[in-house]
Structures are given as structure tokens and as C-alpha cells.
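Dear colleague,

I am handing over the structure below, together with some notes on how its strands and helices are arranged. Please read the notes with the model open beside them.

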Amino acid sequence: MTFPTYFEAFDAKQMLEDYPVGDAFTARYTAMSRDELHALQNRRFLKLMKRGWEIPFYQRLWGAKGIEAGDIRSLEDITSLPVYDKSDLMASIADHPPYGDFGGVGTSPDRAPVIFHTTSGTTGRPQALLFGPKGREITNLLVGRMYRWQGVSPSDVVQSVYGHGMINGGHYIREAVTHFTNSIFLSAGTGIETRSVNQVGLMADFNVSVLVGFIDYIRKLAETAEAEGLLDRINIKMICGHLGTEDRASVEKAWGGAKAYDWYGVGDTGSIAGEGPERDGLYVWEDAQYLELLDVDSGVPVGVGDTGDMVVTCLFKDDIAPCIRFNTHDITHELSGANQTGMVFKRIAGFKGRSDNMVKLRGINVFPHAIGALIENRPDLTGEFVCHVSRDAAGRDDMRVTLESRGGTDHGQIAGLLRQGLGVEVSVVLVGVGETAAATQIDVRQKPIRLIDERKL
């Protein structure tokens, strides 16, 4: 039987021409104008739409709105298309098991290879993730491009604490580093894959200089290294993770002044935006990702500086599982003013919470992740917290915030701090170091649980 191998299914040299990395990346996108960038996006969008019309999922989604192929003539028409989210993909899987009908995989024996992973299941049941070779490698490239721009070089040793198994994260980060940075890569994984004590031992033994993963666990590893007497043997120069609303100062201090960089992406899309060397906001990879910020309630575009849902179209994913107006339900806002790098791409503030994790208390919208920013840099607190939302017999909602304290925390003062920062009164419970771990599952999950809804809605 004859069928294409992974490396025969796409043109790697053409990919690097279309999506440059390293010096070629900065040279192209500091010289390009917004008009030139828009023309590039439009060409890629129209090619993507042609593929989208071949996918049953989109035929059904768009057809239900009375949209026909000729109606979408340019990128300006994208707002005519409906958005979709994870619930639509899970419904597709339920109706067309086991992979759904959004992939366009086909059953021909000479079809291109398909890469299959799942999400971590942070917001519910894990979702199937499908990639073709071209889409997968550009997904990897965008992370590798970002790491190189931030300063990762072939002389670095990179340790990743992203999870593996069926989860996509750890695998594509490994591919990004090994395919596009020439660095040595240690795939340590989560604390359940490689115990924290062993993780810091690897750092010391193999001269790890860069840590990548979720910041909560990276910060915890610094405490483990100190407890094991290894902190002086470890020389971390750079950390790249998902800082969210948290202040980077605490993780930098924990690792002796290493520079921390923020980035954002989701499993369906890969990397959407990341900080550059100046750390002046997250640059959207606009040659590959078309990002819209839409009002959480009305779905209309928001203005610069206003918060909205991130809705993403992957301009490059025109082989397997095209992604056209996917609502991540993660919120952010666009930054205004000139950037410090000369890059043509627009910038966002980064992850500010989830619109579907928002809690409305006494008419105030509360995003649990915002608590991280309020309690950072307090020596009496570890930075670990978890929120429980409950409803009493009268239908009144309350949020209980459990915070880890090293001792000496003034309960009334911290309650006042949260009340002022969140704009609403919440209950506060102080516990000892490590006592939120069972609820947040920080040692075993890609992303710690920060909100537990007990209302049974």
C-alpha cells in the first residue's frame, strides 16, 4: 500500500518561507505595513474558507445561518460567520463518534497522517484535538519562533513541566523546542509524571537554564529546590509560562532573578500571542492567527482597551480540523500605543480570566483569576488560593476564598484588600502552607483549579 509519510505531506521549506523564524521573522514583520499584513491575512483566509466549506461541521454551522459559499468574499466578511466553542465541538463528537465531523480527516487509505491528542479537561470532559502535518508543524513553529525571540538559544537546556499522556501540551512544546530552537530538551512533565524532588534534581544535574510550563507549578518547584538545598546549584535564566493576571515578580524572585515571559494559546489553536524581548505586551502572531475581541454578552467587537472574549481563526490550519471563529471564552483587551520592538503585530494584555468562569455576585462580575494579582508579592501568603461559590436558601450567592498563609496574616486586612480589588464582599478563610493543594490539584493538573462551583446550577 502506498501512502504519504508525515514529511511528504507538507513542504517544510515553503513553510519556513511563509512563516519565518529567528532573524527572518523580525526582519519581515518590522518592515511590513498594516496594509501589507492585512492583504496577507486575506489571502490565507480565503484559502482557509475554501477548505472550511469541505467540512461537514462548518457546512452545518454556516448553513443554519443561511450562509452560502459566495457570501464570504474577504476577511471583512468574517463577522457574518457565527462563532462556535467547545460545546459545539463536543456535540459534534457526540453525534459523530469518536472524532466528530469537524476534522475533515477522511477514510481514504492514502490520506495524509493525522495527529491526535486531547485537551487537559480543565473546563470539563477532555476534547479531541486533530492536526494534519502542516497545521501541526506551524503550531510547533509559532512556539519555537516565540522562544527564540525571547532569547532561547542552542546553548540552553530547556525543562518543560507541561503534561503528556493524551494531553497535547507537553508533546507540542517538545516538538517546538526540538524542531525550531536547537536547544536540549528535558520533558519532565507534571509533578505526577516526575516528582517535584526529581524535577529539581534534573535541573541541577543537567544545567537547566530555561523553564517552560504553568507558572503555579514552576513557582512551587523553586520552594522544592530550596528545601532540597539545590537552589544554589540551579541557574535558571529564563521562564516562559502563562502569567495570567499574576505579577511576574514573585516567580522571578523565587528563581533568583530569572526573566519571566508570558504567552497565550489554547489546544485548538496553538500559540496565539507571546511577549517579545521588551516584554511590552503579548504580540499576536497575526500572520498565522486572526484574533477578534468580542463583547462577552452581545458578541460585537469591543474597542481598544475594552475587555472581550478572544475569538480566533487559524489562518494556517487549512488541512485537518480548520479553526474558523473559535470562541476560547478567555478574556483580554488590546493594548494601545506604539510598541518597543517595531513589530507590525498588535498586542494584547494576556489572559485575564474566563468569561464562562465569571461569577456574578450582587450584580458585580468577579473573575476568580484576578485574585492572583491582588495577593502577589505578599511575604505572608504563598500565592495559592481556591474559590468556592455557594447559594443559600434565599438564592443569594456567596464566594469563599481560601488563601494559604505562612503565618501572621491579618484576616480583616486581607478581606478588605479583596473587597476593594474585586468590588464586592467575599468570605475569606486562611489555611496553612500546602492546604489548598487537594482542592486545586496543583501537583497533578496542567492548570490548578481556582473555582469550585457548589451551586449545582
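Two strands are taken as paired here if DSSP finds at least two bridges between them. The model is a predicted one, and in it strand E3 (residues 157-160) and strand E4 (residues 184-187) pair in the parallel sense over 4 bridges, with Ser-160 standing opposite Ser-187 in E4. Between these strands the chain passes from E3 through helix H7 (residues 168-180) to E4, a β-α-β crossover that is right-handed.

E3 also runs parallel to strand E5 (residues 210-212), to which 3 bridges join it, and Gln-159 has Leu-211 as its bridge partner in E5. These strands belong to an open sheet of 8 strands with mixed pairing, in the order E4-E3-E5-E6-E7-E8-E9-E13. E4 and strand E13 (347-348) stand at the edges, each with a single partner strand, so one side of each is left without a neighbour in the sheet. Helix H6 packs on this sheet, where it touches E5, strand E6 (238-241), strand E7 (259-266), strand E8 (270-275) and strand E9 (282-284), and its direction makes about 15° with that of E8.

The axes of H6 (residues 133-150) and H7 come within 8 Å and cross at roughly 65°, which makes H6 roughly perpendicular to H7, and the crossing is right-handed. Among the residues that make the contact are Leu-141 and Tyr-147 of H6, and Ile-173 and Phe-180 of H7; the residues of this contact divide into 8 nonpolar, 6 polar and 4 charged.

With best regards

Note on methods
Residues numbered from 1 in each chain as written. Predicted model: local features only at pLDDT ≥ 70, side-chain atom pairs only at ≥ 80, totals over all residues. Heavy atoms only, no water. Helix = DSSP H or I, 4+ residues; strand = E, 2+ residues; numbered from the N terminus. Right-handed = clockwise from strand over helix to strand, strands pointing away. Axes fitted to C-alpha atoms, helices over the stretch in contact; angles between N-to-C directions. Parallel < 35°, antiparallel > 145°, perpendicular 65-115°, else oblique. Left-handed = near helix turned anticlockwise from the far one by under 90°. Contact = heavy atoms within 4.5 Å. Nonpolar A, V, L, I, M, F, W, Y, C, P; charged D, E, K, R; others polar.
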